[in-house]
Amino acid sequence: MSESAEKSASVTAMSDKLASESFVPSKEVAALWKKVHGEMRGEFGEAVFRSWLKPLTLQACYHGTLEVSVPTRFMRDWIQTHYSARILEMCAERDENIKRLEVVVVQNAILSDDEEDKAPAKAKANQNEKIEDPYGLSSAFDPKYTFDTFVVGKPNALAHAAARRVVESQNVPFNPLFLYGGVGLGKTHLMHAIGQAMTQQWPERRVMYMSAEKFMYQFVKALRSKDTMGFKETFRSVDVLMIDDIQFMSGKESTQEEFFHTFNALVDQNKQIIISADKAPSDLLGLEERLRSRLAWGLVADIHPSTYDLRLGILQSKRDLLQASIPDAVLEFLALKVTSNIRELEGALNRIVAHADVTRSEITLETTQEVLVDLLRSHDRRITIDEIQRKVAEHYNIKMSDMHSARRARNVARPRQVAMYLAKQLTARSLPEIGRKFGGRDHTTVMHAVRKIEELMEEDAQIAQDVEIVRRALTG
Ligand code: ADP
Ligand code: MG
């Protein structure tokens, strides 16, 4: 076989293998969505349908996830908190393979008409259009995700400083910049902020941002249309490449392989690469070893779970942005109660603001508790201290009885403190009640444990991650 025939044969084999990685909804899924979308009218009522659900558009389907889009973030948040669960049920009733519903924001226009006179911006946009043309690789940044709107606190200070550094540097300060942290902690926000600031400060740089899933999708598309050359050229001609959520490349060997080569080519040309993931490079087990170690070459910056102070800061900043009149007590209450992640925190705030808007009433602590009753109760009701103890014991591989025992060895004492911390966070139990559940310990012991774990989470990524994993297992 000649060399070129061999190459094209291997490309075909790859493309066959990748057929299952397709994102384009099948005819069946498209038909299913059409049906379900139609039924929403009857399910939720005409008014709700018209104001919220009508614009929902099917975008993609992959690994049991149905991706649908709406034009604004506010709509997305509202739909997520109010209708997503039921819509997913409606879809799953028709096809049990559908396990998740992802609502994304797709804005149609990047530049509005009144920006016509901003010539450089326009020229820049045209330039971007050119390189994006064959692959629709539009780096449409969310104008709300900027450095200005990113609240900096202890948990994200390093990631933020690194992001700023990348934007301000004439050269490439570290390659890649690898940002990681749990879900909803601000990775995507930071990446959009970098992208937008970069384009502003260095208009001549070509910046490309996309999720790892989109990268995969484009790659499969290029293979199908036998245009891998065009694909390679497109990606290798950018000055800054940002890939969000790289954990989604797990197990996708051909995509990883292609990405690995793109990565190396760009690093060789001294182009900046920025990656995000939900775990540290060494923990991305679905990725090939050589890619994992390559990812850790530059600066690895983690975003820790939020603290009360950061949550409050974010809420205050959101209040300013929304120009809504919300009492401090309400913000403090939310910062205390909604601890899972920033996205859920924002969702809760949006809910109470929307409720006040619709009912034309003021926001008070009482209305807040009323509006969020399901959210708050579900946290309290679902999770018991027993469950927390069991999950923590499982995670650390210790005996359940060690949760109650008097043993003080570090390998059982620390997990016990983690369990106390989670009990305080995830249940409505008082400190003495929690103490009783842990072999009759004093409430000051519980308080000490809570403080200790809070402190450790800021200093020790391992602990922060352990807590996050157990928390997710419990609230999941
Ligand atoms: P991730 O990509 O890590 O899952 P996102 O970047 O999507 O998280 O963040 C979830 C939401 O929380 C976004 O709306 C984002 O604007 C907000 N958010 C997260 N961290 C911050 C922060 N430090 N300041 C302001 N908003 C934040
Ligand atoms: Mg993200």
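1. Let's start at the cap of a helix. Asp460 caps the N-terminal end of α22, with a side-chain oxygen 2.9 Å from the backbone nitrogen of Gln462. Keep in mind as you look at this that the model is predicted.

2. The helix behind that cap has the length you'd hope for. α22 covers residues 461-475, and at 1.5 Å a residue its 15 residues should span 21 Å; the end C-alpha atoms are 21 Å apart, so expectation and model agree.

3. Which residues of α22 are buried? They are Ile463, Ala464, Asp466, Val467, Glu468, Val470, Arg471 and Leu474. Have a look at the charged names in there: Asp466, Glu468 and Arg471 are among the buried residues of α22. As for partners, the buried residues of this helix pack against α18 (385-396), α19 (410-426) and α21 (443-459).

4. Val467 is a good residue to click on next. Leaving out residues up to four places away in sequence, Val467 touches Val418, Tyr421, Leu422, Ile453 and Met457. Val467 also belongs to the largest nonpolar core, a set of 29 residues, where Ile388, Val392, Leu422 and Val467 touch the most other members. At least two residues of this core come from each of α18, α19, α20 (431-437), α21 and α22. The largest share is from α19, which supplies eight residues. Another core, of 28 residues, lies apart from this one and includes Ala212, Val238, Ile243 and Leu291.

5. For a way into a different set of contacts, try Phe259. This residue sits in helix α11, residues 253-268. Buried or exposed? Phe259 has a relative accessible area of 0%, so it is buried. Its contacts, not counting residues up to four places away in sequence, are Phe215, Leu241, Ile243, Ile246, Met249, Ile275 and Leu291. Ile243 and Leu291 have already come up as members of the 28-residue core. Phe259 and Met216 are 43 residues apart in sequence, yet their C-alpha atoms are 9.0 Å apart in space.

6. Now the cysteines. How many disulfides does the structure hold? Zero. Cys61 is in no disulfide, and its nearest cysteine sulfur, that of Cys91, is 9.7 Å away. From the other side, the closest cysteine sulfur to that of Cys91 is in Cys61, and 9.7 Å is too far for a bond. Both side chains are tucked away: Cys61 counts as buried because its relative accessibility is 18%, and Cys91 counts as buried at 0%.

7. Stepping back to the whole chain, there are 22 helices and eight strands. Buried residues make up 50% of the 476 residues. Among contacts between residues at least 6 apart in sequence, 74% join residues at least 24 apart.

8. Finally, where should you hold back? The mean pLDDT of the chain is 85, and 87% of the residues reach 70 or more. Residues 1-21, though, have pLDDT below 50, and beyond near neighbours in sequence that stretch has 20 contacts in the model. Residues 108-133 also have pLDDT below 50, with 23 contacts beyond near neighbours in sequence. Where pLDDT is low, the predicted coordinates should not be read in detail.

How values were computed
Residues numbered from 1 in each chain as written. Chains lettered and ligands numbered in written order. Predicted model: local features only at pLDDT ≥ 70, side-chain atom pairs only at ≥ 80, totals over all residues. Heavy atoms only, no water. Helix = DSSP H or I, 4+ residues; strand = E, 2+ residues; numbered from the N terminus. Expected span 1.5 Å × (residues − 1). Buried < 20%, exposed > 50% of the residue type's maximum accessible area, 1.4 Å probe, protein only. Contact = heavy atoms within 4.5 Å. Polar contact = N/O pair within 3.5 Å; in protein donor to acceptor, adjacent residues only side chain to side chain. pLDDT = per-residue confidence, 0-100. Core = buried A, V, L, I, M, F, W, Y, C linked by side-chain atoms within 4.5 Å. Disulfide = S-S within 2.5 Å.
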